[in-house]
Amino acid sequence: MKQSNSNLDSQKNRDTNQENSNNTSQSNFIRQAIDEDLTNNRFDGRVHTRFPPEPSGYLHIGHAKAICISFGIAEDYNGLYNLRFDDSNPITEESEYVEAIKRDVHWLGFDWKEREYYASDYFETLYEYAAKLIEKGKAFVCDLTPDEMKTYRGTLVTPGKDSPYRNRTTEENLTLFQGMRDGEFPDGSRTLRAKIDMSSPNLNMRDPVMYRVLRSHHYRHGDNWCIYPTYDFTHGQSDSIEGVTHSLCDVQFEDHRPLYDWFLESLEIYQPRQIEFARLNLTYTVLGKRKLKILVEDSHVNGWDDPRLPTLAGMRRRGYTPEAIRDFCNRIGVSKADNLIELGQLEYSIRNDLNLRAPRVMAVLNPVKVIIDNYPEKQVEMLDAENNPEDESAGTREIPFSREIYIERDDFMEDPPRKFYRLAPGREVRLKHAYYITCQDVIKDDQTGEIVEIHCTYDPDTKGGWSDDGRRVQGTLHWVSVDQAVDAEVRLYDTLFTEREPENAAEGTDWIQFLNPNSLEILENCKVEPGLLNSESESRYQFLRTGYFCVDSDSTPDKLVFNRTVPLRDSWAKMQKG
RNA sequence: AGGGCGGUGGCCAAGCGGUAAGGCACAGGUCUUUGGCACCUGCAUGCGUAGGUUCGAAUCCUACCCGCCCUGCCA
């Protein structure tokens, strides 16, 4: 009675939630599987998932997809979700990573409440489980060396051979296993193995290792253990202990599912359902954990939070919002097919989010000076500027205007092509929020020919950027008043790799060679409006007409530093490329 | 070669025997004090290939082709 009620409840919740859900797509094969389990009352109407990172690196956008799937689905079904550190290999794991992972998952917007678990906290239970399998004759201590074991395992097409130690007695196995735990044997000398089937076509079933002897300091349990369980003997049992219903993971674990089920069935304990989905691949980047580690450790980038990295820490620093990342994950969907998502998809999500939220400001990245000859010297007037045309509640601000201003060097051409709607000799354009100006003269450096000053006149009757006589102008430029301008450094980013698929670009070549030498461009001499002087780290803006930017953590009041999150779409640039 | 899983437009992805959703990208256009945003229009007689079943097939059957994963005491 109680069970069917909770089942009904979750069904109802699911129905009402799906419409308003901001999580993964309305229909996918995982949701269908869960729906089936719900109607069959397989887990008493419960939905309980988990995200199981190994604390051996930083989370990246691929993990974000996995988190959005596991946690997002649990949210939608009104279920629960755990954050569990899969820390059964002390060699690669560190506390720094668990802190970073927690920070990033929180930042993404998920709250696992008190359900923060560590597989290593189950070591004692796991040990008992292992002993139980020995007693059932389903596990044995093996003395084969790694090389020997490899030989005995056979190949993809030939069956393996039974280990000569496979038939030890239960008593002997128990004693030996206890001895392993007690430190009686050297590292690597013995393993505990499941007794399954050395001729199975699934290599994972050929008597897989459950425990290895390994004297390594565990970041969480110190030197309490000198034997550590393998992933296969840890993961499913951890899911079981936590009461997880749906264990969602990467397709690479599909081959492990028979083993996952075998352990749980042999142990006769609660059995969750593992469902696999395809991992994310993104163009112009790499998402492999070891590859990212190489980029960081070999200093190809500046740390795990380098804005060029697809790590969540890097993306955060770059200016990505958690909302945009979640939106991206929801848009790309979930399936089992190999995929390669175009970077443009991610860029769409961040532009879409920031367009509605980011205050507009004016910043000149590559300045050239404009002198308005008929504007009174030393006069400074404050002009009203709307903060966000997409959001009236964002209000307005005042910006200073004066006789000398900076405009973007690209916004002037001496000999413009057709359809160049900007400043040129004799042309009149609008300065955003200010006046119409007309170019009268250009002053160049005698030596280099570089334009050093552009002389213009303004029309005092066009204040605010309007003309009563209905006169139209060719274009609208952003600008910053010279005297009030604040200097800033702006970091422009391009893709980290030059190849769409760096890992598959050329057979037998090293992906590292496809690093983009121009992935970071630093502009030292940018001029931004004075209001930006006190902006806080991570605050995000739209620099009018150029892109979305955010204040970098390197920024100080003495030296502002901005990262370009993503440029605005630029149909003019596209036109020029042809 | 053995096993597992995939193959729907340039990139994702719905679809579950009743005659190919949607998004990104792209191409036109409208609007515009951002060459942004928004809005409109266009974009698979086709669902890996070939057969078959059916009144009807992306969906069912058969064979074949292609791709990815698996021979760590990593996860």
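Here is a short chat about two helices and a sheet in this predicted model.

Biologist: What makes α8 a mostly covered helix?

Modeller: Buried means under 20% relative accessible area, and 9 of the 11 residues of α8 (231–241) are buried. Among them are Asp232, Phe233, His235 and Asp239. Just after the helix comes Gly243, with a positive phi near 75°.

Biologist: Why is α5 called roughly perpendicular to α8?

Modeller: The axes of α5 (residues 123–135) and α8 cross at roughly 110°. Angles of 65 to 115 degrees count as roughly perpendicular, so α5 is roughly perpendicular to α8. Their axes come within 11 Å, and the crossing is right-handed.

Biologist: How do you know that α5 and α8 meet, and which residues do it?

Modeller: Contact means heavy atoms within 4.5 Å. On the α5 side the residues are Thr125, Leu126, Tyr129, Ala130 and Leu133, and they meet Phe233, Thr234, Gln237 and Ile241 in α8. By class, that contact has 6 nonpolar, 3 polar and no charged residues.

Biologist: Now the sheet, please. What makes β19 and β20 edge strands?

Modeller: Each of them pairs on one side only. The open sheet has 7 strands, ordered β19-β16-β17-β18-β12-β15-β20, with mixed pairing. β19 covers 476–477 and β20 covers 479–481.

Biologist: And how do you know that β12 and β18 pair?

Modeller: Two strands pair if there are at least two bridges between them. Strand β12 (residues 367–372) is joined to β18 (residues 451–458) by 4 bridges, so by that definition they pair. These two strands run parallel, and Val370 stands opposite Ile454 in β18.

Technical notes. Residues are numbered from 1 along each chain as its sequence is written. Chains are lettered from A and ligands numbered from 1 in the order in which they are written. This is a predicted model: local features need pLDDT of at least 70, side-chain atom pairs count only at pLDDT 80 or more; totals for chains, interfaces and linings use all residues. Side-chain values use heavy atoms; hydrogens and water are left out. Buried means under 20% relative accessible area, exposed over 50%, partly exposed in between (1.4 Å probe, protein chains only). Axes are lines fitted to C-alpha atoms, for helices over the stretch in contact, and angles run from 0 to 180 degrees between N-to-C directions. Angles under 35 degrees count as roughly parallel, over 145 as roughly antiparallel, 65 to 115 as roughly perpendicular and the rest as oblique. A crossing is left-handed if the near helix is turned anticlockwise from the far one by less than a right angle, and right-handed if clockwise. Ala, Val, Leu, Ile, Met, Phe, Trp, Tyr, Cys and Pro count as nonpolar, Asp, Glu, Lys and Arg as charged, and the others, Gly among them, as polar.
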